[in-house]
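Hi everyone, thanks for making the time. I'd like to walk you through one structure this morning, piece by piece. Have a look at it first, and then we'll go.

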Amino acid sequence: MSLEDRLDAIVAMLTPMQATLRLLESRQTVKDFYEIEEFAKLVGKSCFTCREWCRLGRIHADKKLSGRGAYARWVVSHVEWQRYQKEGLLPTPKPD
């Protein structure tokens, strides 16, 4: 096998790898904040469950105006998503 044939074989193997890396990179785009639908997909839970976690203080989340109507939406920071991956849910706050 000549050197040129070997290089062609290597390029043929690298081309699908590049496509896979591009796909993975597009999936892992880092954002400052994730809307609750995005966060739910990242953690594999329903939107309702994630909104309840926000409401109950099980994850740190903020309400931000979305520009669509008068109601604010829950958003979760990238830092909080990383914390959730490492530590899981926060303990349920005790009622006063």
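Let's start with one pair of residues: Lys64 has Arg73, in strand S3, as its bridge partner. Before I go on, the small print: this is a predicted model, where local features need pLDDT of at least 70, side-chain atom pairs count only at pLDDT 80 or more, and totals for chains, interfaces and linings use all residues. Residues are numbered from 1 along each chain as its sequence is written, and side-chain values use heavy atoms, with hydrogens and water left out. When I say helix or strand, I mean DSSP runs numbered from the N terminus: H or I of at least four residues for helices, E of at least two for strands.

Okay, the sheet. Strand S2, residues 62–65, and S3 run antiparallel and are joined by four bridges. Strands count as paired if DSSP finds at least two bridges between them. The hairpin of S2 and S3 has six residues between the strands, and Gly67 in that hairpin takes a positive phi near 90°. On to the other pairing: S1 and S3 are also antiparallel, over three bridges. There, Tyr34 stands opposite Val76 of S3.

So what is the order of the strands? It's S1-S3-S2, an open sheet of three strands with antiparallel pairing. S1 and S2 are the edge strands, each pairing on one side only. On average, and ignoring direction, neighbouring strands here are turned by 50° against each other. For angles like that, axes are lines fitted to C-alpha atoms, for helices over the stretch in contact, and angles run from 0 to 180 degrees between N-to-C directions. Helix H2 packs on this sheet and touches S1 and S3, with its direction at about 95° to that of S1. Touching, or contact, means heavy atoms within 4.5 Å.

Now H2 itself. Which of its residues are buried? They are Ile36, Phe39, Ala40 and Val43. Down the axis of H2, these buried residues fall within an arc of 100°, so they line one face of the helix. The arc is taken from the directions between the helix axis and the C-beta atoms. As for cut-offs, buried means under 20% relative accessible area, exposed means over 50%, and partly exposed is in between, with a 1.4 Å probe and protein chains only. If you want the general background, an α-helix has 3.6 residues a turn, so residues three or four places apart point the same way. Covering the buried residues of H2 are, among others, strand S1 (33–35), H3, S3 and H4. Right after H2 comes Gly44, with a positive phi near 75°.

Next, H3, residues 47–56. Its buried residues are Cys50, Trp53 and Cys54. They cover an arc of only 100° around the axis, which puts them on the same side of H3. Turned away from that buried side is a face carrying the exposed residues Phe48 and Arg55. The cover over the buried residues of H3 includes helix H2 (36–43), strand S3 (72–77) and helix H4 (78–87). Just past the end of H3, Gly57 has a positive phi of about 80°.

How do the axes of H2 and H3 cross? They come within 9 Å and cross at roughly 105°. That makes H2 roughly perpendicular to H3, a label used for 65 to 115 degrees (under 35 is roughly parallel, over 145 roughly antiparallel, the rest oblique). On the H2 side the contact is made by Ile36, Glu37, Phe39, Ala40 and Val43, and on the H3 side by Cys47, Cys50, Arg51, Trp53 and Cys54.

Last stop, H4. His78, Glu80, Trp81, Arg83 and Tyr84 are its buried residues, and they pack against S1, H2, H3 and S3. Is Glu80 buried or exposed? At 4% relative accessibility, Glu80 counts as buried. Beyond neighbours within four places in sequence, Glu80 is in contact with Ile59 and His60. Tyr84 is buried too, with a relative accessible area of 16%. With those same close neighbours left aside, Tyr84 is in contact with Phe39, Val43, Trp53, Ile59 and Leu89. Tyr84 and Val43 are 41 residues apart in sequence but 8.8 Å apart in space, C-alpha to C-alpha. And after H4 comes Gly88, with a positive phi near 85°.

That's my tour, thanks for listening.
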